[in-house]
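Me: I'd like to learn how to read an interface and then a strand. Can you walk me through this one?

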Amino acid sequence: MSDAVTKSVYEQIGGEPAMAAAVEVFYRKVLADDRISHFFEDVDMERQAAKQKAFLTMVTGGPSSYSGKDMRAGHAHLVKQGLNDMHFDAVAGHLKETLEELGVPAPLVAKVLAIAESARADVLNR
Amino acid sequence: MAKVKHESSWYPLEPGESVLEGLLRQGVSVPNSCRAGACQSCLMKAVGGAVPEAARVGLKDTLVAQGYFLACTCRLPEGTELEVAGAEGLRVPARISALSPLSRDVLKVSLVTDAPLDYRAGQYVSLVREDGLARSYSLASLPREGVLELHVRLITGGAMSGWLASEARPGARVFLQGPAGSCFYVPGRPEQPLLLAGTGTGLAPLYGIVRDALEAGHSGPIWLFHGARTPAGLYLREELRGLAERHPQLHYRPCVLEGGTRDIAEGPLDVLIRAECPKPVGWRAWLCGDPQLVLSLRKKLFLSGLSLKDLHADSFLPSVPQAGASPTDTAGAR
Ligand SMILES: Cc1cc2nc3c(=O)[nH]c(=O)nc-3n(C[C@H](O)[C@H](O)[C@H](O)COP(=O)(O)OP(=O)(O)OC[C@H]3O[C@@H](n4cnc5c(N)ncnc54)[C@H](O)[C@@H]3O)c2cc1C
Ligand code: HEM
């Protein structure tokens with residue numbers, strides 16, 4: 001997370017309204033990707049979209065209260081279904097493309113990807 | 001343990017049990033149908049205690065403000081208590097004014113209420129029989145028409161549709177609860193292309209929405225796809241063809257899986273939609289009818305660029321048989 005003087009990437013790219021726009025772009029990519037779409041099929045698309053927004057908010061350093069322990073617990077059932085590095089890389093790839101499409105400058109994209117990378121061990125329950 | 005108070009008795013809930021399940025299990029009669037938070041037949045009013053947020057999802061603010069919630073999605077935290085009452089206060093008396101077939105297995109049910117029902121074309125109501133049997137039906141009528149019109153598909157062994165088809169007579173007294181749902185036309189962007197798609201009686205709300213949009217002066221293209229397995233499952237074809245002739249912006253496309261003709265396209269609904277509306281970015285869409293189809297079309301349209309906020313869907317979820325009822329206990333007391 002950022003310290004008191006530097007703004008988080010979340011704030012720099014426009015806060016909540018920017019997340020709302022990003023979530024549709026990101027969710028579309030994830031659902032269209034046969035390698036990972038099965039993790040995200042949900043009868044309730046609004047609920048899934050809300051979770052994607054939580055994900056985007058977290059990796060951009062926005063207001064989020066998830067701990068590493070939450071990330072472990074939250075993805076444990078997916079790891080049982082076979083969630084692995086290949087899936088993680090696919091999600092990270094879509095995250096990168098989404099931010100680029102929305103015109104986020106490269107240094108900020110790199111920061112976001114670094115935050116995502118730091119969650120890898122917890123998400124994959126290692 | 002959590003518990004619920006209803007008409008001066010307390011009913012304990014088992015862990016994980018919803019208020020609806022707990023009350024039904026202990027012999028309290030509560031109208032219900034889909035048990036998935038969609039049909040709103042099991043609306044109840046909290047008169048004491050806190051209602052979990054999840055039990056209010058999809059309810060109008062005015063209902064939430066009065067303490068209403070859905071009993072089927074209401075699961076109470078351990079150790080808490082809730083005092084509840086039925087939603088009788090929301091029911092308006094109505095009378096069946098006419099019953100006439102629209103096709104071999106679709107019945108038009110006309111209803112009149114004593115006081116006009118305040119609704120938007122395309123919303124749905126719960127039809128409640130005098131004995132409490134409740135099912136949701138979409139409104140195919142326009143508010144200005146006064147008479148309410150439902151399109152009811154006859155289900156073999158169906159409690160409500162069977163009653164309407166063979167026992168109910170014009171003049172019969174029923175109750176209506178509602179309206180509910182967000183499937184309706186929103187004026188303000190007359191040029192926006194609109195896509196309406198439904199299967200079977202999923203046409204009912206679309207028939208209201210399309211006429212509402214046209215009367216509001218919608219000038220952008222309006223695509224109406226009505227799907228059925230065979231041509232016998234289509235209905236209101238002449239009316240819709242006439243409407244499209246009078247309004248060149250309306251494109252009416254009846255389609256079937258088998259038995260297509262010169263006027264009726266043949267093939268899966270999503271394929272036909274994609275062929276005619278390949279890039280619906282910035283459009284508004286309404287999808288109604290069979291839950292599986294609504295779900296898959298919703299996903300496909302989202303992937304082809306429609307925004308979730310412009311995608312309105314009503315899944316016609318069937319009723320769930322009461323837990324514990326024996327398989328031989330069919331249409332009975334649900
Ligand atoms: C929001 C909403 C709007 C609706 N709008 C309409 C409408 O405009 N027109 C309309 O005709 N219906 C509509 N429905 C469905 C309607 O509420 C009833 O479920 C339907 O009429 C069947 O009721 P029934 O009492 O005749 O049959 P039931 O006694 O409830 O059912 C008899 C048996 O058939 C099964 N069954 C019921 N429906 C189906 C089905 N479609 N496919 C397979 N099995 C089924 C049931 O599970 C049960 O085992 C809507 C539902 C919802 C949730
Ligand atoms: C950078 C790594 C990741 C982070 C920081 C992250 C974060 C999150 C967050 C915050 C939630 C919301 C939890 C909630 O509110 O319920 C969530 C849910 C979810 N995540 Fe991740 N996630 C990551 C990687 C992945 C990957 C690689 C996959 C699968 C390919 C995945 C699949 C899911 C699914 C399916 C849910 C919803 C679970 C459910 O419906 O219960 N996540 N994630």
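Reply: Sure. Keep in mind that this is a predicted model. Let's start with charges: across the interface of chain A and chain B, the rule finds 1 salt bridge.

Me: Which residues form the salt bridge, and how far apart are the closest N and O atoms?

Reply: Look for a Lys or Arg side-chain nitrogen within 4 Å of an Asp or Glu carboxyl oxygen. Here A:E46 pairs with B:R298, with the closest N and O atoms 3.2 Å apart. There are also 6 residue pairs in polar contact between the two chains, both residues being at pLDDT 80 or more.

Me: Which element gives the most to chain A's side?

Reply: That's α2(A), with 5 residues. The residues on this side divide into 6 nonpolar, no polar and 5 charged.

Me: And how much area is buried between chain A and chain B?

Reply: About 1,000 Å², with carbon and sulfur atoms giving 62%. On chain A's side, A:E24, A:R28 and A:M45 supply 56% of what the chain buries against chain B, more than any other three residues.

Me: Now the strand. Why is β8(B) described as largely enclosed?

Reply: Count its buried residues, meaning those under 20% relative accessible area. In β8(B), residues 124-128, 5 of the 5 are buried, so the rest of the structure largely encloses the strand. One side has B:Y124, B:S126 and B:V128, the other B:V125 and B:L127.

Me: Which strands does β8(B) pair with?

Reply: β9(B) pairs with β8(B) in the antiparallel sense over 5 bridges, B:V128 being partnered by B:A134. β11(B) also runs antiparallel to β8(B), joined by 4 bridges, and there B:Y124 partners B:A180.

Terms used:
Residues numbered from 1 in each chain as written. Chains lettered and ligands numbered in written order. Predicted model: local features only at pLDDT ≥ 70, side-chain atom pairs only at ≥ 80, totals over all residues. Heavy atoms only, no water. Buried area = accessible area lost by both parts, 1.4 Å probe. Polar contact = N/O pair within 3.5 Å; in protein donor to acceptor, adjacent residues only side chain to side chain. Helix = DSSP H or I, 4+ residues; strand = E, 2+ residues; numbered from the N terminus. Nonpolar A, V, L, I, M, F, W, Y, C, P; charged D, E, K, R; others polar. Buried < 20%, exposed > 50% of the residue type's maximum accessible area, 1.4 Å probe, protein only. Pairing = 2+ DSSP bridges.
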